[in-house]
Amino acid sequence: MFLTDEGMNYFLSLILFATIVYPQACINGMVKNSSGNGVDGAYIKIVQTGEITLTNSDGKFLFINLLEGKYEISIEHVQFETKSMILKTINHKTTKINIE
């Protein structure tokens, strides 16, 4: 099945619209202990959305497909006191953080 010129223009417009409107902000981070080593299994939560993840064996974590805005991030692990911070995300950008 082939699209007419009008159909192709409509199809391309939809793709462009989806790219502009679809939330694509990310938060990428690493949790480190006092020695500077990555902390495995830290519990990371975005308070506003309820999304959670755990850090990997290198202490890294990632949240994707977020809306642009401010988020409170909560970090918990048995090695240290619970921490929280406010981050601002921007569409089509990755917000990077390191937590010690």
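# Reading a loop, a sheet and a ring pair

Q: Where is asparagine 33 placed?
A: Asparagine 33 sits in the loop between β1 (25-31) and β2 (43-46). Helices (H or I, at least four residues) and strands (E, at least two) are DSSP runs, numbered from the N terminus. This is a predicted model, in which local features need pLDDT of at least 70 and side-chain atom pairs count only at pLDDT 80 or more, while totals for chains, interfaces and linings use all residues. Residues are numbered from 1 along each chain as its sequence is written, and side-chain values use heavy atoms, with hydrogens and water left out.

Q: Is asparagine 33 buried or exposed?
A: Buried means under 20% relative accessible area, exposed over 50%, partly exposed in between (1.4 Å probe, protein chains only). Asparagine 33 counts as buried because its relative accessible area is 18%. Across the 100 residues of the protein chain, 28% are buried.

Q: What does asparagine 33 touch, leaving aside neighbours within four places in sequence?
A: Contact means heavy atoms within 4.5 Å. With those neighbours set aside, asparagine 33 is in contact with Val39 and Gln79. Closer in sequence, a polar atom of the asparagine 33 side chain lies 3.0 Å from the backbone nitrogen of serine 35.

Q: Which pattern does the protein chain follow along the sequence?
A: The pattern reads α-β-β-β-β-β-β-β, that is, one helix and seven strands. As for contacts with a separation of 6 or more, residues 24 or more positions apart account for 52% of them in the protein chain.

Q: In what order do four strands form an open sheet?
A: Two strands pair if DSSP finds at least two bridges between them. Here the order is β3-β2-β5-β6, with antiparallel pairing. At the edges are β3 (52-54) and β6 (80-89), each paired on one side only. On average, neighbouring strands of this sheet are turned by 20 degrees against each other, direction ignored (axes are lines fitted to C-alpha atoms).

Q: How many bridges join β5 and β6?
A: Strand β5 (residues 69-77) pairs with β6 over eight bridges, in the antiparallel sense. Isoleucine 73 has methionine 85 in β6 as its bridge partner.

Q: Why is the pair of phenylalanine 61 and phenylalanine 63 called edge-to-face?
A: A pair of aromatic rings is described by the distance of the centres and the angle of the planes. Rings of Phe, Tyr and Trp (its six-membered ring) pair if their centres lie within 6.5 Å; planes under 30 degrees apart count as stacked, over 60 as edge-to-face and the rest as tilted. The whole structure holds one aromatic pair. The ring centres of phenylalanine 61 and phenylalanine 63 are 6.1 Å apart and their planes stand at 70 degrees, so the pair is edge-to-face. Both phenylalanine 61 and phenylalanine 63 are buried.

Terms used. Polar contact = N/O pair within 3.5 Å; in protein donor to acceptor, adjacent residues only side chain to side chain. Axes fitted to C-alpha atoms, helices over the stretch in contact; angles between N-to-C directions.
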